[in-house]
Amino acid sequence: MPEPSPSDPAKPEIYDLHCHSTASDGSLSPTAVVQRAHGHGVTALALTDHDTTAGLIEAQACAATAGIKLIPGIELSAQWQSQCFHIIGLGIDPAYPPLAEATHILQGTRMNRAERIAEKLAKKNIPGALAAVMAAAGDGMVTRSHFADFLVAGHHVDTQQEAFDRYLAKGKAAYVATPWAELAEAVGWITGAGGVAVLAHPLRYNLSANKMRKLLAVFKEAGGQGIEIVTGRINPDEIKRAAQLAKNFGLSGSTGSDFHTPDQWVELGRLAALPANIQPVWELLN
Ligand code: AMP
Ligand code: MN
Ligand code: MN
Ligand code: MN
């Protein structure tokens, strides 16, 4: 008897709808991410690099060979009331011109920010950051994670977290405010591209209940349909809180590891189940 394939209709899909490759701040190529996801039992994977879709063609080719479903995705940086939020786009057409143009502009935005972060680090007697992060990012998006790695490698800090706490986080010595697009506009790029917009890791923004309500109203008004409920290192109480937000605001629930690097982040596909009373966001994907 033949082995049941991952797309066997009798076998439930195992979803991981949030992860990163070398197209942004992940350490594995798109091919390696897809292969690793497959190896960990994922049957439907969304690659969601920061502000870029550049890894999707390679990921799609590998997914077709490996027999795993690849959902084209992105994690867009956007701002609302001067705070940065991450919006996951799932099932997007990367060729949709406004989205393609936006990612092109975001590449320049990120490069300008990188230059200014490097200048600030140089003023703190830490030279050479720009060349290092550009080399590390290669063709991919330059992110603050690359700066954190540079600071760790140069023994300026011991961990990525310390790099953010001392230099890169808002209000710290090398922080540079970035002119991200408005949240509603970013949601529009995703829905215009045929995708479903999902608010990433909602509990990481430290919003009051009142501000969360306002944010989700703006997000829904713009066409947002989902919210991440199971993400990264989330505990059962946090899953309950995020699920309550989904219920209260009529949003579908998503699940994704936010995988970046083996052994440093939650493993691909290693995710708690979505609460049973939540509509899974994949039911909105065609
Ligand atoms: P960027 O989009 O370039 O501002 O970089 C954001 C990325 O940096 C996030 O996706 C995380 O991977 C990482 N990051 C942001 N804040 C922190 C933090 N406090 N500690 C560790 N990593 C962080
Ligand atoms: Mn990241
Ligand atoms: Mn994020
Ligand atoms: Mn992410």
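This report walks through a metal site, a ligand pocket and two residues with unusual backbone angles. Please keep in mind that the model is a predicted one.

**The metal site**

Let us start with the manganese ion (ligand 4). Its coordination comes from His18 (NE2), His20 (NE2), Glu75 (OE) and Asp258 (OD), at 2.1 to 2.2 Å. Along the sequence, the donor residues of this ion follow the spacing H-x1-H-x54-E-x182-D. The two histidines are both well covered by protein: histidine 18 counts as buried because its relative accessibility is 0%, under the 20% cut-off, and histidine 20 is buried too, with a relative accessible area of 0%. A further manganese ion, ligand 2, lies 4.6 Å from the manganese ion (ligand 4).

If you plan to look at the geometry here, one reference may be handy. Ideal angles at a metal are 109.5 degrees for four tetrahedral donors, while six octahedral donors give 90 or 180 degrees.

**The ligand pocket**

Which pocket does ligand 1 take up? The space it fills is the largest pocket. Around ligand 1 you will find Asp25, His50, Arg110, Arg113, Thr143, Arg144, Ser145, Gln161, Phe164, His260 and Trp265. Three helices each supply at least two residues of this shell: H3 (97-123), H5 (144-153) and H6 (160-168).

Some of the shell residues place a polar side-chain atom by the ligand, and the table lists three such pairs.

| Residue | Atom of ligand 1 | Distance |
|---|---|---|
| Arginine 110 | oxygen | 2.8 Å |
| Arginine 144 | oxygen | 2.7 Å |
| Glutamine 161 | nitrogen | 3.0 Å |

Taken alone, ligand 1 exposes 500 Å², and the protein buries 81% of that area.

**Two residues with positive phi**

Where in the chain does asparagine 125 sit? Its place is the loop between H3 and helix H4 (129-137). Helix H3 is also one of the helices that supply residues to the shell around ligand 1. Asparagine 125 is not a glycine, yet its phi is positive, near 65°.

Histidine 201 likewise has a positive phi without being a glycine, in this case about 25°. This residue belongs to the loop between strand E6 (196-199) and helix H8 (209-221).

Are these two loop residues buried or exposed? Asparagine 125 counts as exposed because its relative accessibility is 67%, over the 50% cut-off. Histidine 201, by contrast, is buried, because its relative accessible area of 5% is under 20%.

Conventions
Residues numbered from 1 in each chain as written. Chains lettered and ligands numbered in written order. Predicted model: local features only at pLDDT ≥ 70, side-chain atom pairs only at ≥ 80, totals over all residues. Heavy atoms only, no water. Donors = N, O, S within 2.8 Å, 3.2 Å for Na, K, Ca; no water. Buried < 20%, exposed > 50% of the residue type's maximum accessible area, 1.4 Å probe, protein only. Near = heavy atom within 4 Å. Polar contact = N/O pair within 3.5 Å; in protein donor to acceptor, adjacent residues only side chain to side chain. Areas by Shrake-Rupley, 256 points an atom, 1.4 Å probe, with all protein chains shown as cover. 1 Å grid on protein atoms, 1.4 Å probe; cavity = no way out; pocket = protein on both sides within 12 Å on 5 of 7 lines; lining within 4 Å. Sits in = over half its atoms within 2 Å of the grid points. Helix = DSSP H or I, 4+ residues; strand = E, 2+ residues; numbered from the N terminus.
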